[in-house]
Amino acid sequence: MNESIWKKTTDFNTVDKNLNEIKNNKKVDICIIGAGITGITCAYELSNLGYSIKVVEKSQICSGTTGNTTGKITSQHDAFYDYLINSFDIDTAKKYLEANEQAIEQIEERIKKEKIDCDFKRLNSYIYTTKKEEIPILEKEYDALEKMDFKCEYLKKLDLPFNIEGAICFNNQAQFNPVKYIKGLVNKLLENNVEIYENTKATNIEKNEDDYIVTTEKGKIQAKYVIIASHYPFLKFKGLYSAKMYQSMSYLIAVETKKELPNGMYISISNPNISIRTAEYEGKQILLIGGGDHKTAKATTYEESYGRLEKFAKKYYPDAKILKKWDAEDCISLDKLPYIGQASTFLPNVYVATGYKKWGMTFSNVATNIIVDSIRGIENPYSDIFSSLRLQPVKNYEEVKNILVDSSKGLLIDKIKEADILNYDLKCDTGKIIEIDGQNIGVYKSAEGQIYAIKPICTHLGCLLNWNQIDKTWDCPCHGSRFDYLGKNISDPAFEDLERIEIDRDKEV
């Protein structure tokens, strides 16, 4: 898959690559699963308070959503506050806003304290529309913000190369390079003797008297507290997250142009939307254009994803040079609020943070505050609205339909002949689920004509996978797990690889 500019410009060579084996029975205060922005921020704050910590990451630091984000640090999460007031109440909307505004301040304070060079910049943030029929949506959002006594501006013109019908401005928001930011925090963690184990997949959490045993591929960790910051909680049934969330994809391109760049962060309220911000890359100011949101595993063409963004770039920046392109996946809860706090009523002292709805830069900080306060026995003012244990009627019926899909459990690969797969007429550089003797087989033929075959059943809860032609991956329509064409797991909640069918390379055409 493609690499983001954040990953391209940042490495973590300061991390000890010799941490190959976890010494069993070495007890620590806290085990953190996941080395994205949530896990690393929690580790930073807790280690500064004197807790002993181990962090395990199934891939590399910032290899997931954090390394593929837009890097916007804002409390303006689309046109959302009118929804919060109508679906919950004005107090919930105010708390949501306050928690995210506080996050912006705390991230800036952390950057200044640790002297982190991460291209942090204060900018205004805007939601806008170019369609007259969407003006009522903006007007309702502006009215909602006025009810909350939040100072913002309603505008009819923006610093963009096209006309708009209306916009709402949040002043003094921010943007940064999220991977450079995390590297700065990681350097501090190493000073605090926090051990970070990359390429270390956590596979289970078990209660052990007053502690927990976290089982990983490199050994076991005993800890009093466990924080699951792994994007999607990998525990199959505890907390029932697979029934409360789905995953969504979005796309980004980095563009170089000689035209004047806009001074701010922008996102349209149209669906599919367009997100715009500037960034520093190889000594130049460039433009990041994102959008194209859709549920993971939904059949999508290049024209509907990267192609749409490239067409937008060329229309308004004719000299645009596409430097990089990449995609990101994030979890979305049915009521659109994150799940933060105790992972399950059956797991005291085990915490979870997920469902950020693509606004993880601020919500990772909100989650850190809530979890750190809980571990210290302090009541957090925002824990109630984001509680991961909340049970309430779901009003967002359209989203419920997104996770009600059929499963294909128990499907076995039995006596499949290589010849049956090799003789199937499949174009090069394409993948497909084919049926042989009543059994589904996932097949990908590379550009060179090599055949790769897998059992196309998600190792999470047994859903039938779909082929993603853009990224050359097998994606789960149920809960968003993803696997590469070789069957290797690359995205939660599944953590086991797919079953492969070995093909004799000498027989390929």
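A residue counts as buried when its relative accessible area is under 20%. C118 has a relative accessible area of 2% or less by this reckoning: its value is 1%, so C118 is buried. Put plainly, the value for C118 is 1%. C62 is buried too, with a relative accessible area of 2%. The model is predicted, so keep that in mind as you read on.

Start with the nonpolar interior. The largest nonpolar core holds 80 residues. Within it, Y181, I182, I227 and F386 touch the most other members. Take I182 as an example. Leaving aside residues up to four places away in sequence, I182 touches F12, I37, I40, I61, C62 and T66. Another core lies apart from this one. That core has 26 residues, including F162, V255, I289 and A313.

Y181 and I182 also belong to helix α6, where both are among the buried residues. This helix runs over residues 178-191 and has 14 residues. From its first C-alpha to its last, α6 reaches 20 Å, close to the 20 Å expected at 1.5 Å a residue. Its other buried residues are P178, V179, G184, L185, V186 and L189. What do the buried residues of α6 pack against? They pack against α1, α2, α4, β7 and α8.

Next comes strand β6, residues 166-175. Of its 10 residues, 8 are buried, so β6 is largely enclosed by the rest of the structure. Several strands pair with it. Strand β4 (residues 121-129) runs antiparallel to β6, and 8 bridges join the two. Here L123 has Q173 as its bridge partner. Strand β5 (residues 153-155) is also antiparallel to β6, with 3 bridges. In that pair, E153 stands opposite C169. Strand β3 (residues 72-73) pairs with β6 in the antiparallel sense over 2 bridges. There, I73 has A174 as its bridge partner. What holds such strands together? Strands of a sheet pair through backbone hydrogen bonds.

Now move to higher residue numbers. Strands β18, β19, β20 and β25 form an open sheet in that order, with antiparallel pairing. Its edge strands are β18 (430-436) and β25 (500-501), and each pairs on one side only. Inside the sheet, 4 bridges join β19 (residues 439-445) to β20. V443 stands opposite A453 in β20.

A second open sheet has 4 strands in the order β21-β22-β23-β24, and its pairing is antiparallel. The edge strands here are β21 (466-468) and β24 (489-491). Neighbouring strands of this sheet are turned by 35 degrees against each other on average, direction ignored. Between β23 (residues 482-484) and β24 there are 2 bridges. The bridge partner of F483 in β24 is N489.

One more link is left. A disulfide is a covalent bond between the sulfur atoms of two cysteines. The structure holds 1 disulfide. C463 and C478 form it, with their sulfur atoms 2.0 Å apart. What does this pair tie together? C463 lies in the loop between β20 and β21, and C478 in the loop between β22 and β23, so the pair ties together parts that are 15 residues apart in sequence. The torsion about the S-S bond is about -105 degrees, so the disulfide is left-handed. Are these two cysteines buried or exposed? C463 counts as buried at 1% relative accessibility, and C478 counts as buried at 3%.

Conventions
Residues numbered from 1 in each chain as written. Predicted model: local features only at pLDDT ≥ 70, side-chain atom pairs only at ≥ 80, totals over all residues. Heavy atoms only, no water. Pairing = 2+ DSSP bridges. Axes fitted to C-alpha atoms, helices over the stretch in contact; angles between N-to-C directions. Core = buried A, V, L, I, M, F, W, Y, C linked by side-chain atoms within 4.5 Å. Buried < 20%, exposed > 50% of the residue type's maximum accessible area, 1.4 Å probe, protein only. Contact = heavy atoms within 4.5 Å. Disulfide = S-S within 2.5 Å. Expected span 1.5 Å × (residues − 1).
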